[in-house]
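Work through the following exercises with the model open beside you, and try each task before you read its solution.

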There are 2 protein chains.
Amino acid sequence: MAIVGDALMDMHGIAKIAGVSSATVSRVINGSKLVRPETTGRVQRVIDELKFFPNSSATTLKHGKSSTYGLIIPDITNPFFPEFIRCFEKILVENNRDMLMATIDSHATRMQQSVRRMLVRKVDGVVLLAAEIETEPIEALIHNKVPLVTLERRLVAPWVSDVMVNYAAGIGLAVAHLKELGHTKIGYIGASAGPTISNHRVNGFKKALKKYGLQLYPEFIRVGDYRTTGGQTGMTELLALKERPTAILAANDLTAIGALRTIYQRGYTVPGDFSVIGFDDIDLAGMLYPPLTTLCLPRQELAETVYKALEFGREHKSAVGQQYTMKTSLVVRESSGVAKAAKRPRSR
Amino acid sequence: MAIVGDALMDMHGIAKIAGVSSATVSRVINGSKLVRPETTGRVQRVIDELKFFPNSSATTLKHGKSSTYGLIIPDITNPFFPEFIRCFEKILVENNRDMLMATIDSHATRMQQSVRRMLVRKVDGVVLLAAEIETEPIEALIHNKVPLVTLERRLVAPWVSDVMVNYAAGIGLAVAHLKELGHTKIGYIGASAGPTISNHRVNGFKKALKKYGLQLYPEFIRVGDYRTTGGQTGMTELLALKERPTAILAANDLTAIGALRTIYQRGYTVPGDFSVIGFDDIDLAGMLYPPLTTLCLPRQELAETVYKALEFGREHKSAVGQQYTMKTSLVVRESSGVAKAAKRPRSR
DNA sequence: GTGAAAGCGCTAACAA
DNA sequence: TTGTTAGCGCTTTCAC
């Protein structure tokens, strides 16, 4: 809308001023080659003059699709997500698509509302990066034939694609790294208990332990919440144990940061007393004291994959979605070091 | 839209199935009391059954407004913004408004595109939290009579409100705190040089120095970028000086984190060798080593203020906007301590 | 209490 | 090359 006098402008108004019909205005705006250059110029001048912008509700209504993709994330406060959003939004902007973001803050009602927003806005697809997924709201999406991309549901179907993270391999790397440093007692601070995405990470951990012939101490596996608080309580519990791990794997970097905090607060040091390894490799990981060793889940690549899946869904409506895989890599920094027990013998 | 067979559903379809007219369906969806309870029930059942959601493009088109507010931020990777978004989105959801977010990553074209998105989507107002604001894109908003809320432009006009942060007071607190700890040589790592929002912070710093009778060393004022990298280079420059400050004020927490990193990397400690004070009080500030002393800019309050301003603009179209003020408070943690020079005499 | 119909701003046949 | 027109899905008078 632009304004003349006090009225909101539309293509009709532009047309009248430029002395053409609204169809021509539409053609000019959409770059049709059927318009005579001088007409184009005349119309364009009016558009610029009046700073006119076409109403997307009208085009969306007309076309039946919005060129908008929805993104649902659990917690925008976890730096991993902003970093992902940054990559994702950039891709969308470059491809003339809009983003509709919703965060659910682990509230079931917020999830409902988010899905509703996606549905009423007629998004062309939805990315669901939420960890704990309830099936009910998803059904509304599928029922309405909205292409869906999930993370780590490891399940594709008509309208739904999935991208899985190869946790087993990544965590294997981390465990191998720790073993090399002489650690044999490794703890894990994960997320909530339910049968969710978080399980893939714990299971990956257990498998890695077995693979490298390390003993699994059940009390070394603590529950967290993907936030720093979970890292703190988890670490506090670990410190309360008679027999303690010498290294801790955290379900994400925030958890690792919480663990680090508790360790220092109790007067211990990293990696002197404990090695800590995170997951995600958020931007800040390298800025911490000590810089965090962590498994990198590349956001740029994830964003590209997700976008690819979305476009696939858009173009192959009703087709069974694709299964994509993401690799992780170990970024060794300074929060992992030689195990204490392993060090002592040397200094004798 | 919901589906029957293979067709996309609309109110007409629902109406036909329920044996009513589309007008009645509309009434039911909008909770009109003019519909007989049994009719309502019958219609609602069909709606639920078919998981029907009304098309927001149609309602927006009809009503001429979208119930959407736009939010433009510079860098979603700076934790302050996600934390703000979290509060802001919550308020919007509670008030049945939608959010359209755009990040500009300090690219002029992205700013253009963002404003364009806001305009075509017919948002009912825009919040511009970007630090470095060019006037040109803003004009398009004002010209199209979109209520605008800016941060720290310190200038209101028809259609535009502003919320300013009382930097002077906050920085005064920080400087007073440092003086009390015996610091007399205080450095500052800010943001880019231009005549922008960042100036309010440097100016506040200079004024505070004067107010507390502290000397201003021009070479102690370094340029940053509101990110960790700026903190690192700024601190590196400060360390290269023959005469160094004993305390550093950073333009935001990310800058402070970068400074902290460089300090530790060079073998110094905080607050032993240098005191560091940040700005924002991001969630992670208390999790760092050492926990960061910082000026808190409360996001919840900011979100509420911004929302209030937005609603004001919506209701008092064409009126001159309001000027709001935000206070900051000093959160003393462990990155600030007694000045080195001040300590020595005591230990003699 | 419910239905018929006009119209929000835009696009795409179809006409000219 | 340009104009006319129907209609996207919804709301809202105005009838009944």
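A polar contact is a pair of N or O atoms within 3.5 Å. Keep in mind throughout that this is a predicted model.

**Exercise 1. DNA strand D**

Task: Find which residues come nearest to DNA strand D, and identify polar contacts that the protein makes with a phosphate oxygen and with the bases of this strand.

Solution. Begin with the surroundings of the strand: there are 24 residues around DNA strand D, and those that come nearest are Thr24(A), Arg27(A), Arg36(A), Thr39(A) and Met11(B). Next, look at the strand's own side of the surface, where 66% of the atoms of DNA strand D within 4 Å of the protein belong to sugar or phosphate, while the rest belong to bases.

Now turn to single atom pairs. In Asn55(B), a backbone N or O atom lies 3.0 Å from a phosphate oxygen of DNA strand D, and this distance is within the 3.5 Å limit for a polar contact. The bases are reached by lysine side chains: a polar side-chain atom of Lys62(A) lies 2.8 Å from a base nitrogen of DNA strand D, and a polar side-chain atom of Lys62(B) lies 3.2 Å from a base oxygen of this strand.

Finally, place the surface in the fold. The elements that give two or more residues to the surface near DNA strand D are α2 (22-29) and α4 (56-63) of chain A, together with α2 (22-29) and α4 (56-63) of chain B. The largest share, 4 residues, comes from α4(B). Sorted by type, the residues of this surface divide into 10 nonpolar, 8 polar and 6 charged.

**Exercise 2. DNA strand C**

Task: Repeat the search for DNA strand C, and state which helix gives the most to the surface near it.

Solution. First list the neighbours: DNA strand C is surrounded by 24 residues, of which the closest are Met11(A), Thr24(B), Arg27(B), Thr39(B) and Lys62(B). Of the atoms of DNA strand C that come within 4 Å of the protein, sugar and phosphate account for 66%.

Then consider the atom pairs. An N or O atom in the side chain of Thr39(B) is 2.3 Å from a phosphate oxygen of DNA strand C, and an N or O atom in the side chain of His63(A) is 3.2 Å from a phosphate oxygen of this strand. For a base, look at Lys62(B), where a polar side-chain atom lies 2.6 Å from a base nitrogen of DNA strand C.

The last step is to name the elements: α2 and α4 of chain A, together with α2 and α4 of chain B, give two or more residues to the surface near DNA strand C. The helix that gives the most is α4(A), with 4 residues.

**Exercise 3. Two helix pairs**

Task: Decide how α6(A) is oriented towards α7(A) and towards α5(B), and name residues that make each contact.

Solution. Take the pair within chain A. The axes of helix α6 (residues 108-120) and helix α7 (residues 135-143) come within 10 Å and cross at roughly 5 degrees. Angles under 35 degrees count as roughly parallel, and α6(A) and α7(A) are therefore roughly parallel to each other. Met111(A), Gln112(A), Val115(A) and Leu119(A) in α6(A) meet Glu136(A), Pro137(A), Ala140(A) and Leu141(A) in α7(A). The residues of this contact divide into 6 nonpolar, 1 polar and 1 charged.

Now take the pair that joins the two chains. The axes of α6(A) and helix α5 (residues 80-94) of chain B come within 12 Å and cross at roughly 75 degrees, so α6(A) and α5(B) are roughly perpendicular to each other. Here Arg110(A), Gln113(A) and Arg117(A) of α6(A) make the contact with Glu89(B), Lys90(B) and Val93(B) of α5(B), and the residues involved divide into 1 nonpolar, 1 polar and 4 charged.

**Exercise 4. Backbone details**

Task: Locate the cis peptide bond that ends at Pro290(A) and the residue Asn96(A) with its positive phi.

Solution. Start with the proline: a cis peptide bond joins Tyr289(A) and Pro290(A), with omega about -10 degrees, and Pro290(A) lies in the loop between β11 (275-280) and β12 (293-296) of chain A. In chain B, a cis peptide bond joins Tyr289(B) and Pro290(B). Then move to Asn96(A), a residue other than glycine whose phi is near 55 degrees; Asn96(A) is found in the loop between α5 (80-94) and β4 (98-103) of chain A.

Key. Residues numbered from 1 in each chain as written. Chains lettered and ligands numbered in written order. Predicted model: local features only at pLDDT ≥ 70, side-chain atom pairs only at ≥ 80, totals over all residues. Heavy atoms only, no water. Near = heavy atom within 4 Å. Polar contact = N/O pair within 3.5 Å; in protein donor to acceptor, adjacent residues only side chain to side chain. Nonpolar A, V, L, I, M, F, W, Y, C, P; charged D, E, K, R; others polar. Axes fitted to C-alpha atoms, helices over the stretch in contact; angles between N-to-C directions. Parallel < 35°, antiparallel > 145°, perpendicular 65-115°, else oblique. Contact = heavy atoms within 4.5 Å.
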